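Me: I should like a close look at a single part of this protein. Please describe the part in detail and explain how its surroundings are arranged.

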Amino acid sequence: MNTFKSYPCSLCGRTFSRKYDLERHKRHVHLEEEEDDDEDEEEDSADNDSEVVSDRESGDELEDNEAYREWYEGAKEATEDMRREKYEKYIKDGMNPEMAREKAYLKTVWAVKRDFFDQYSTFLRSHARLKNEDVYTEITDDLEEKMENGVEVDKAVKRTMAKHRSKFDGLFHYDEDDNVSESAMGEDDED
């Protein structure tokens with residue numbers, strides 16, 4: 001049985017088959033010592049969380065999940081300006097484009113992760129609050145039935161929401177206590 005030693009980077013988790021490659025990676029990618037305050041906070045909170053579970057093998061399964069991919073792509077899009085600024089700085093400092101791209105990614109991945117997990121946390125909070133509600137159960141049962149009958153997810157959601165939309169009419173009634181400024185109502189517009 002062949003066993004290969006791997007050398008993981010303690011800063012980003014990337015692994016290398018040779019120690020020399022790891023050291024070169026650290027010199028070129030992690031040479032910038034100054035970190036944004038947000039980066040330090042994110043790393044500290046992850047390091048201090050005693051319940052962090054890491055299972056690299058399930059990562060392939062997660063990468064194929066459409067919801068996770070949507071949240072990940074949304075998080076990448078939300079942090080694109082930050083990544084672009086880092087990239088441009090590294091290029092200006094003389095780094096080659098490939099290394100600048102990798103370093104910009106590594107220096108901003110904390111923000112992508114934060115946005116991803118914010119989205120997932122919002123979903124989980126909503127699910128936890130809704131899971132025992134009759135209307136939610138009725139809607140999700142209807143959705144699952146449509147999908148079991150071969151209706152594609154987006155179409156099933158659209159049809160299900162159209163069918164159950166009227167159940168939410170009470171949420172959108174006029175309330176005299178709603179505080180809306182006159183400018184928001186268009187009454188304060190000047191020609």
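Reply: The natural place to begin is H25, which counts as buried because its relative accessibility is 5%, below the 20% under which a residue is called buried. The model discussed here is a predicted one. H25 lies in helix α1, and the helix spans residues 19–29.

The contacts of H25 come next. Leaving out residues up to four places away in sequence, H25 touches C9, C12, R14, F16, H30, E102 and L106. A further relation links H25 with K103: these two are 78 residues apart in sequence, yet their C-alpha atoms are 10.0 Å apart in space.

H25 is one of several buried residues in its helix. In α1, the buried residues are D21, L22, H25 and V29. These residues lie on the same side of α1, because they cover an arc of only 100° around the axis. A general property of helices helps here: an α-helix has 3.6 residues a turn, so residues three or four places apart point the same way.

What covers the buried residues of α1? The cover includes the strands β1 (7–8) and β2 (15–16), together with helix α6 (97–130).

The helix α6 deserves separate attention. Two packed helices are described by the angle between their axes and the distance between the axes. For α1 and α6, the angle is about 80° and the axes are 10 Å apart. The two helices α1 and α6 are therefore roughly perpendicular to each other, since angles of 65 to 115 degrees count as such. Where they meet, α1 contributes H25, H28 and V29, while α6 contributes M99, E102, K103, L106 and K107. Sorted by class, this contact of α1 with α6 holds three nonpolar, two polar and three charged residues.

Another histidine, H30, belongs in this picture. H30 sits in the loop between α1 and α2 (37–48), and it is buried, with a relative accessible area of 10%. Apart from neighbours within four places in sequence, H30 is in contact with C9, L11, C12, H25 and L106. Of these, C9 is 21 residues from H30 along the chain, and the C-alpha atoms of the two are separated by 9.9 Å.

Finally, the whole protein gives the setting for this part. The protein has eight helices and two strands, and along the sequence they follow the pattern β-β-α-α-α-α-α-α-α-α. Of its 191 residues, 20% are buried. Among contacts between residues at least 6 apart in sequence, 48% join residues at least 24 apart. The accessible surface of the protein comes to about 15600 Å², and carbon and sulfur atoms account for 46% of that surface.

Definitions and conventions. Residues numbered from 1 in each chain as written. Predicted model: local features only at pLDDT ≥ 70, side-chain atom pairs only at ≥ 80, totals over all residues. Heavy atoms only, no water. Buried < 20%, exposed > 50% of the residue type's maximum accessible area, 1.4 Å probe, protein only. Helix = DSSP H or I, 4+ residues; strand = E, 2+ residues; numbered from the N terminus. Arc of directions from axis to C-beta. Contact = heavy atoms within 4.5 Å. Axes fitted to C-alpha atoms, helices over the stretch in contact; angles between N-to-C directions. Parallel < 35°, antiparallel > 145°, perpendicular 65-115°, else oblique. Nonpolar A, V, L, I, M, F, W, Y, C, P; charged D, E, K, R; others polar. Areas by Shrake-Rupley, 256 points an atom, 1.4 Å probe, with all protein chains shown as cover.
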